[in-house]
Structure formats: structure tokens, C-alpha cells
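User: Please examine the structure shown here and discuss its side-chain contacts, its surface patches and its backbone.

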Amino acid sequence: MNKEIERKYSINKLPDDIKISQVIDIEQSYIYKDNNTLIRIRKIEDRVQRKIQYIYTLKTKGDTTQQDDNISSKYEIENTISKEEYEELIVRKISNTILKTRIIAPIEQNLNVEIDIYHDYLEGLLTAEVEFPNELVASEFKKPNWLGEEIGFKELSNGKLSKMNKEEFRAKVNDSFLKNNKAIIEKLKELI
């Protein structure tokens, strides 16, 4: 079982020297959720390798003693499943399907930033997540200046976004946030 430790940010601007290592398209749905556990399924298409994977993920709450609310800590088990298993499970989804394009770019300290461009009813949402090897590295992380404020995981977590409709999502974000995101998304589309 892996421990997933991450922080989620808005994006102020793109750095001029951004290096993109991977671009994938993700379809993500939830098939089970209670107070401590969630089960997610994903269809992941790697644009470069032209490869499709289907992933089944079980997540449980991480440490309840976490000091920083902006650090998400969960235990996670992931398994590859077949296309047929995915298609069997997707009919049992309990959420909207989130569609996003993930752009992975290396940053300092041997870390990567995962930039997610959301589509469909979440059009205009752009986030950046950084995963860490442990809580100490996460708590001491000094974000690059192109990353904006910490969004945290309470209001704009994928789990919560999957339960929203377009109007509920738009009520959580302001027009200047979406306008800034639109300009960055256009630049990203030129790079991928």
C-alpha cells in the first residue's frame, strides 16, 4: 500500500522554461465512497505512447494527526484492470465523470508538478498538484513563484468536484480565476 502525500495549487502563470515530460487524458469516476474510503476508476490515455490503461484505485484516509490542512495524505492501492472490467464498473458510478488533461512537468527537488486542465462541466478549472515522498518534504516545500495560492483539498477536491454540476462549480470560483486560467490553458495547448 502506497501513501499519497500531495499539495494542490492554483497557477499564476506558466514559466517560460517549462519542460513537459508527459501528457495524458483522464476519465475519472467514483464507484464507492464513505467517510473513510473511496474507490475510483480511471481510463488513462498516454498521448505520446498511444497507450490506454484502466486503473482501479482504493483510497483510505491518511493520518488524522496531519498538522497542515493543505497537505492531503491518503493510503492508496492501485491495480490495472481490463477494459471489460472498467466497462462493467463504470455503469455503477456514483458521480459525474471528470474529464481532464494532465500535463506532467519536472520541478526542483526531483519533484513533478501535475497540471490538470479540466473539461466538460468543469471547463476553465486549472490546478497543479505536487506529490511528495513524505510529510516532511511536503511541509518544507517552497513552491515555485509560478504556482499560486494553495487551493487545498476541501472545496476543489476531485471527489467534491465529481458531485457538482456546472452551476455549483461556478459558484466556488470567481471570474478572474477563470480568466487567468483560460490564458494559461491556451498557452499549454500550444505546448502539447
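The questions and answers below treat these topics in turn.

User: On what basis are the residues numbered, and what pLDDT do local features need?

Analyst: Residues are numbered from 1 along each chain as its sequence is written, and side-chain values use heavy atoms, with hydrogens and water left out. This is a predicted model, in which totals for chains, interfaces and linings use all residues, side-chain atom pairs count only at pLDDT 80 or more, and local features need a pLDDT of at least 70.

User: How many salt bridges does the count give?

Analyst: A salt bridge is defined as a side-chain nitrogen of Lys or Arg within 4 Å of a carboxyl oxygen of Asp or Glu. By this rule, the number of salt bridges is 10.

User: How many residues apart in sequence are the parts that R7 and E150 tie together?

Analyst: R7 and E150 form a salt bridge whose closest N and O atoms are 2.3 Å apart. Strands (E, at least two residues) and helices (H or I, at least four) are DSSP runs numbered from the N terminus. Because R7 lies in strand 1 (residues 2-11) and E150 in strand 9 (residues 147-150), the pair ties together parts whose separation in sequence is 143 residues.

User: Which residue of the pair R7 and E150 is buried, and which is partly exposed?

Analyst: Buried means under 20% relative accessible area, exposed over 50%, and partly exposed in between, with a 1.4 Å probe and protein chains only. E150 has a relative accessible area of 21% and is partly exposed. At 7%, the buried residue is R7.

User: Which strands are tied together by R40 and E78?

Analyst: The side chains of R40 and E78 meet in a salt bridge at 3.2 Å, N to O. R40 is buried at 5% relative accessibility, while E78 is partly exposed at 41%. The two residues are 38 apart in sequence, so the pair ties together strand 3 (residues 37-46) and strand 5 (residues 71-81).

User: Are E76 and K59 buried or exposed?

Analyst: E76 and K59 form a salt bridge with an N to O distance of 3.4 Å. The pair links distant parts of the chain, 17 residues apart, with E76 in strand 5 and K59 in strand 4 (residues 51-61). As to their accessibility, both residues are buried.

User: Which aromatic pair ties together parts that are 132 residues apart in sequence?

Analyst: Rings of Phe, Tyr and Trp (its six-membered ring) pair if their centres lie within 6.5 Å; planes under 30 degrees apart count as stacked, over 60 as edge-to-face and the rest as tilted. The structure holds 3 aromatic pairs, including a tilted one between Y9 and F141, at 6.3 Å centre to centre and 55° between the planes. Since one ring lies in strand 1 and the other in the loop between helix 2 (135-140) and strand 9, the pair that ties together these parts is Y9 and F141.

User: What are the relative accessibilities of Y9 and F141, and which residues form a cluster with them?

Analyst: Y9 counts as buried at 1% relative accessibility, and F141 counts as buried at 6%. Ring pairs link these residues into a cluster whose members are Y9, F132 and F141.

User: Which residues gather in a patch of positive charge on the surface?

Analyst: Patches are made of residues with over 30% relative accessible area and no salt bridge; like charges are joined within 9 Å and nonpolar side chains (Val, Leu, Ile, Met, Phe, Trp, Tyr) within 5 Å. Lys and Arg count as positive and Asp and Glu as negative, His and the chain ends not being counted. One member of the patch, K61, has its place in strand 4. The positive patch is made up of K33, K61, K160 and K163.

User: What accessible area do I20, L191 and I192 have together?

Analyst: I192 is found in the segment after helix 5 (175-191), and at 36% relative accessibility it counts as partly exposed. Accessible areas come from the Shrake-Rupley method with a 1.4 Å probe. The nonpolar surface patch of I20, L191 and I192 has a joint accessible area of about 230 Å².

User: What is the phi of D120?

Analyst: Most residues other than glycine have a negative phi. D120 lies in the loop between strand 7 and strand 8 (126-132) and is exposed, with a relative accessible area of 51%. Although D120 is not a glycine, its phi is positive, at about 60°.

Methods:
Charge placed at Lys NZ, Arg CZ, Asp CG, Glu CD.
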